[in-house]
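Work through the exercises below with the sequence and the 3D structure open. Try each task before reading its solution.

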Amino acid sequence: MTPARLSHRRAPCPVIGRHALGALALAAALAMAGLAQAQGSSNRGPRNADWIAAVVNQESVTAGEVERRIQRARAEAQRAGQALPPDEQLRQLALDGLIDERAMITSARESGMRVDDGEVDRAVQNIALQNQLTPEVLRQRLAAEGIDFARFRANLRDQIMIERLREREVYQRIRVSDEEVEQYLEAERQRLNADAPLNIAQILVTVPEGASPEVLAERRAVAEAALARVRGGADFTAVAQQLSEDGNRERGGVIGLRPASRLPDVFVEHTRGLQRGENAPTLLRSGAGFHVLKVVERQERSLGEIVQTRARHVLLRTSPQLDAQTASRRLAEYKRQIEAGTASFEDIARRFSEDGSAAGGGDLGWSSPGQMVPEFEQAMNALPLNGLSEPVVSRFGVHLIQVLERRNTALEPRQLREQARNVLREQRFDQAYLDWTRELRSRAYVELREPPL
């Protein structure tokens, strides 16, 4: 397994899935806004005129934290152009959110969950990178805002721990049956092909408006004879050119390939389930007359088609001896050499890359969406073929990435069902998360306090 390649769950990583990425982005926003002063261990007492608004188990929530949470919500709502609830309701939501977080931290610690210093270091590096800063400049910026760096790191440690606990506990609650997976896949097939391009040929036997029963019977007989001929093996084109009374007669009745939404609904419904080259087994009666229909072409799209990418990389692992900024400068120099033609990507990867792909010139093979860690995959997907990335920081170190090939491929049925199961789990995550937080809170000791006089 290469350093960039992980299983779908990414359980060992310091940041897990979309929920954890949101947490770190939130931490970055808090830091840059100067609003994260008191999110660490809540055993610390309030400062200045601050006061304890709630005690959760052995930890406190201060009124200052509640106020900062409200300020952040207002700033985010303003950026998004969204309305907020009334002030009292907003304050209660902020307090409830902080109480829930304290209950989660308690649960995580009681379960023995730990986050080591190296994981926090990588989280700090990622936040600095997101804000286009070096870790040292980030630290200076926090100090200028009056934010204690040790407390900032403690906040990050708690966030990472909460995300790990949330992913582990909530997903265990979500159950998706095989029947639900199949129902979801069938619905997706129908949705995907609701407007798939379709080419139909027809033999039209018109019926005059207000035709007598005798004329109607005669017209029906002509159409039934045409249907019998094509069902008996006669060439549809020849029969259409001989009998059809529509404008496509000379083309053998072929209407032409077009989205299903641009065809008469009765045509789409009457040919549903027919494959290319098959004739409809019965006549279709419309306001124009009687139709004999044939599917000339159906461009149905199959579920599970994905774009796979073959990429290679050079990885420099960060350490106390090599920070992310120094590693980025080295990789930028390697990139310059490759672009100038003075060195090849393969040679540099073999000489300097610090993972198992080095022997193969950094080649990672073919990867599917979700197979690489998000920060790596995002940078890889933005590259054109043969393009070289800027240095990319991930939880494994710093990468220089090049995309070699892309291809469309279909997932195997097992992979498709697992993908559907994951989608259904995600759809149910929010409700399962709410249920879990309610249970955590019901088991926690919560004491709400009034402001001092």
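The exercises concern a predicted model, and each task is followed by a stepwise solution.

**Exercise 1. The chain as a whole**

Task: State how many helices and strands the protein chain has, and what share of its residues is buried.

Solution.
Step 1. Count the secondary structure elements: the protein chain has 14 helices and eleven strands.
Step 2. Turn to burial. Of the 453 residues in the protein chain, 45% are buried.
Step 3. Look at the surface. The accessible surface of the protein chain comes to about 23500 Å², and carbon and sulfur atoms hold 48% of it.
Step 4. Consider the contacts with a separation of 6 or more: 73% of them involve residues 24 or more positions apart.

**Exercise 2. An open sheet**

Task: Find the order of the strands in the open sheet of four strands, and name its edge strands.

Solution.
Step 1. Recall the general rule: strands of a sheet pair through backbone hydrogen bonds, either parallel or antiparallel.
Step 2. Trace the sheet from one side to the other. The order is S8-S7-S10-S9, and the pairing is antiparallel.
Step 3. Identify the edges. Strand S8 (363-367) and strand S9 (392-394) each pair on one side only, which makes them the edge strands.
Step 4. Add the twist: on average, neighbouring strands of this sheet are turned by 40 degrees against each other, direction ignored.

**Exercise 3. Strand S7 and its partners**

Task: Determine how many bridges join S7 to S8 and over how many S7 and S10 pair. Then decide how far S7 is enclosed.

Solution.
Step 1. Take S8. Three bridges join it to S7, and the two strands run antiparallel.
Step 2. Locate bridge partners on this side. Arg310 is paired with Trp366 in S8, and Thr309 has Ser367 in S8 as its bridge partner.
Step 3. Take S10. The antiparallel pairing of S7 and S10 extends over twelve bridges. Here Val307 stands opposite Asn408 in S10.
Step 4. Count the buried residues. Nine of the twelve residues of S7 are buried, so S7 is largely enclosed by the rest of the structure.

**Exercise 4. Two helices on the sheet**

Task: Describe how H11 and H12 are placed against the sheet, and explain on which side of H12 its buried residues lie.

Solution.
Step 1. Begin with H11. This helix lies across S7, S9 and S10, and runs at about 60 degrees to S10.
Step 2. Continue with H12, which packs on the sheet and touches S7 and S10. The direction of H12 makes about 60 degrees with that of S7.
Step 3. List the buried residues of helix H12 (residues 345-352): they are Phe345, Ile348 and Ala349. These three cover an arc of only 100 degrees around the axis, and therefore they are on the same side of H12.
Step 4. Ask what covers them. The cover includes strand S7 (305-316), helix H11 (324-340) and strand S10 (397-410).

**Exercise 5. Lys335 and Asn386**

Task: Classify Lys335 and Asn386 as buried or exposed.

Solution.
Step 1. Note the cut-offs: buried means under 20% relative accessible area, exposed over 50%.
Step 2. Place Lys335: it is in helix H11. Its relative accessibility is 9%, so Lys335 counts as buried.
Step 3. Name the contacts. Leaving aside residues up to four places away in sequence, Lys335 touches Leu388, Ser389, Glu390 and Leu400.
Step 4. Place Asn386: it lies in the loop between helix H13 (374-381) and S9. Its relative accessibility is 52%, so Asn386 counts as exposed.
Step 5. Check the backbone. Asn386 is not a glycine, yet its phi is positive, near 70 degrees. Asn57, also not a glycine, has a positive phi of about 55 degrees; this residue is in the loop between strand S1 (52-56) and strand S2 (59-62).

**Exercise 6. An aromatic pair**

Task: Is the ring pair of Tyr171 and Phe429 stacked, edge-to-face or tilted?

Solution.
Step 1. Compare the rings. Their centres are 5.1 Å apart and their planes are at 50 degrees, so the pair of Tyr171 and Phe429 is tilted.
Step 2. Find the residues in the chain. Tyr171 is in helix H6 (residues 149-173) and Phe429 in helix H14 (residues 413-443), 258 residues apart, and the pair links distant parts of the chain.
Step 3. Check burial: both Tyr171 and Phe429 are buried.
Step 4. Extend the view. Tyr171, Phe429, Tyr433 and Trp436 form one aromatic cluster.

Methods:
Residues numbered from 1 in each chain as written. Predicted model: local features only at pLDDT ≥ 70, side-chain atom pairs only at ≥ 80, totals over all residues. Heavy atoms only, no water. Buried < 20%, exposed > 50% of the residue type's maximum accessible area, 1.4 Å probe, protein only. Arc of directions from axis to C-beta. Contact = heavy atoms within 4.5 Å. Pairing = 2+ DSSP bridges. Axes fitted to C-alpha atoms, helices over the stretch in contact; angles between N-to-C directions. Areas by Shrake-Rupley, 256 points an atom, 1.4 Å probe, with all protein chains shown as cover. Phe/Tyr/Trp six-rings, centres within 6.5 Å; stacked < 30°, edge-to-face > 60°.
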